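Thanks for coming. I will go through side-chain contacts, and then turn to the surface and the cysteines.

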Amino acid sequence: MGKLLNLWKKYSFIILIAFIVLGLLDLRFAMVAAICMVGPIIVSIFKGRFWCGNLCPRGSFYDNVISKFSNKRRPPKFFKSYYFRAVILTIMMTVFISGVYKNWGNLYGIGMVFYRLIVVTTAIGVGLSLFFNHRTWCNFCPMGTLASIISKFRKNKNVLQVSNACVSCKVCEKKCPIGLVPYDYKGDILSHPDCIQCGQCAVACPKKAIGYNKINIRR
């Protein structure tokens with residue numbers, strides 16, 4: 001399962017490229033984007049923002065393609081603010097819902113709504129990566145925001161953990177594309193609702209102190 005997931009993380013960006021190309025040929029195909037709108041919400045109930053860091057084709061695109069030429073600067077803190085994210089979420093959902101409503105019964109019209117939404121937001125993410133890091137868009141992605149909110153209240157805690165072997169060397173903080181501070185969770189689960197569980201902190205940790213099943217959780 002681990003090898004399959006790694007292959008998906010590395011190559012699923014091909015699905016995004018195929019979506020953009022096939023959408024040009026037939027807009028009805030673009031409605032498959034609904035999976036990427038519902039998927040993060042469903043997965044967040046069980047594993048937080050796991051979708052964002054492991055299953056999202058656009059996330060794979062940012063990690064494996066855009067990261068090669070993006071800036072490495074940390075995004076502004078207000079991008080993570082729930083107030084800012086609420087504004088973005090409201091605008092995006094208003095545009096989406098009104099677009100679907102106006103084109104109800106017209107599959108080509110609805111397909112255009114999905115297609116335009118994915119292409120425009122992906123382009124915004126690419127543009128932001130030129131100024132900040134490759135995952136800047138993920139800080140305030142509407143679906144990621146909803147997944148983050150659900151993560152605050154879910155009961156399942158199957159997330160990354162930081163064992164007491166951590167020496168607070170801060171390497172994990174430098175590698176986190178979302179700008180979290182994993183070593184702050186030493187001896188506990190990495191419970192921050194915005195952790196996308198991409199595993200970059202775990203790979204970078206010189207003490208191998210970050211991962212799954214690293215500690216005995218008493219809850």
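R85 lies over the face of Y82, and the distance to the ring centre is 4.6 Å. This is a predicted model, so please hear every value as computed. There is another contact of this kind at K47, whose charged end sits over the ring of F50, 4.0 Å from the centre of that ring.

R85 comes up again in the salt bridges. How many salt bridges does the structure hold? The count is five. I will take three of them in turn.

Start with D194 and R49. D194 forms a salt bridge with R49, and the closest N and O atoms are 3.1 Å apart. D194 is in the loop between β2 (188–189) and α10 (200–204), while R49 is in the loop between α3 (34–47) and α4 (50–55), so this bridge ties together parts that are 145 residues apart in sequence. Are these two residues buried or exposed? D194 has a relative accessible area of 5%, so it counts as buried. R49 is buried as well, at 1%.

Next, D63 and R135. Their side chains meet in a salt bridge at 2.8 Å, N to O. D63 belongs to helix α5 (residues 57–64) and R135 to the loop between α7 and α8, so parts that are 72 residues apart in sequence are tied together by the pair. R135 is buried, with a relative accessible area of 1%.

Then R74 and E173. R74 forms a salt bridge with E173, with 3.6 Å between the closest N and O atoms. Here too the pair links distant parts of the chain: R74 is in the loop between α5 and α6, E173 is in helix α9 (residues 171–175), and they are 99 residues apart. The two ends do not have the same label for burial. R74, at 44% relative accessibility, is partly exposed, whereas E173, at 16%, is buried. Coming back to R85: salt bridges that share partners join R85, R49 and D194 into one network.

Now the aromatic rings. The count comes to 11 aromatic pairs. In one of them, the rings of F79 and F84 have their centres 5.5 Å apart and their planes at 20°; the cut-off for stacked is under 30 degrees, so this pair is stacked. F79 is buried, at 7% relative accessibility, and F84 is partly exposed, at 23%.

F84 also pairs with F140. What is the geometry there? The ring centres are 5.3 Å apart and the planes are at 80°, so this pair is edge-to-face. The pair links distant parts of the chain, with F84 in helix α6 (residues 82–102) and F140 in the loop between α7 (107–129) and α8 (142–153), 56 residues apart. F140 counts as buried, at 5% relative accessibility. Taken further, ring pairs link F78, F79, F84, F132, W137 and F140 into a cluster.

A short item on helix α8, where S151 is found. S151 is buried, with a relative accessible area of 8%. Its C-alpha is 5.3 Å from that of P193, although the two residues are 42 apart in sequence.

On to the surface. I17, V21, L22, L24, L25, F29, V32 and I35 make a nonpolar surface patch of about 760 Å². Which element gives the most to the patch? Helix α2 (residues 13–25) does, with five residues. I17 lies in that helix, and its relative accessible area is 41%, so I17 is partly exposed.

Last, the cysteines. A disulfide is a covalent bond between the sulfur atoms of two cysteines. A search of the whole structure finds zero of them. C166 is in no disulfide, and the nearest cysteine sulfur, that of C172, is 6.0 Å away. C166 is buried, with a relative accessible area of 10%. Why is C169 not bonded to C205? The sulfur of C205 is the closest cysteine sulfur to that of C169, but the separation is 6.1 Å, too far for a bond; the cut-off is 2.5 Å. C169 is partly exposed, at 39% relative accessibility.

To recap the items to look up in the viewer: the network of R49, R85 and D194, the ring cluster that includes F84 and F140, and the nonpolar patch with its five residues from helix α2.

How values were computed
Residues numbered from 1 in each chain as written. Predicted model: local features only at pLDDT ≥ 70, side-chain atom pairs only at ≥ 80, totals over all residues. Heavy atoms only, no water. Patch = residues over 30% accessible without salt bridge, like charges linked within 9 Å, V, L, I, M, F, W, Y side chains within 5 Å. Areas by Shrake-Rupley, 256 points an atom, 1.4 Å probe, with all protein chains shown as cover. Salt bridge = Lys/Arg side-chain N within 4 Å of Asp/Glu carboxyl O. Helix = DSSP H or I, 4+ residues; strand = E, 2+ residues; numbered from the N terminus. Buried < 20%, exposed > 50% of the residue type's maximum accessible area, 1.4 Å probe, protein only. Phe/Tyr/Trp six-rings, centres within 6.5 Å; stacked < 30°, edge-to-face > 60°. Lys NZ or Arg CZ within 6 Å of the ring centre and 35° of its normal.
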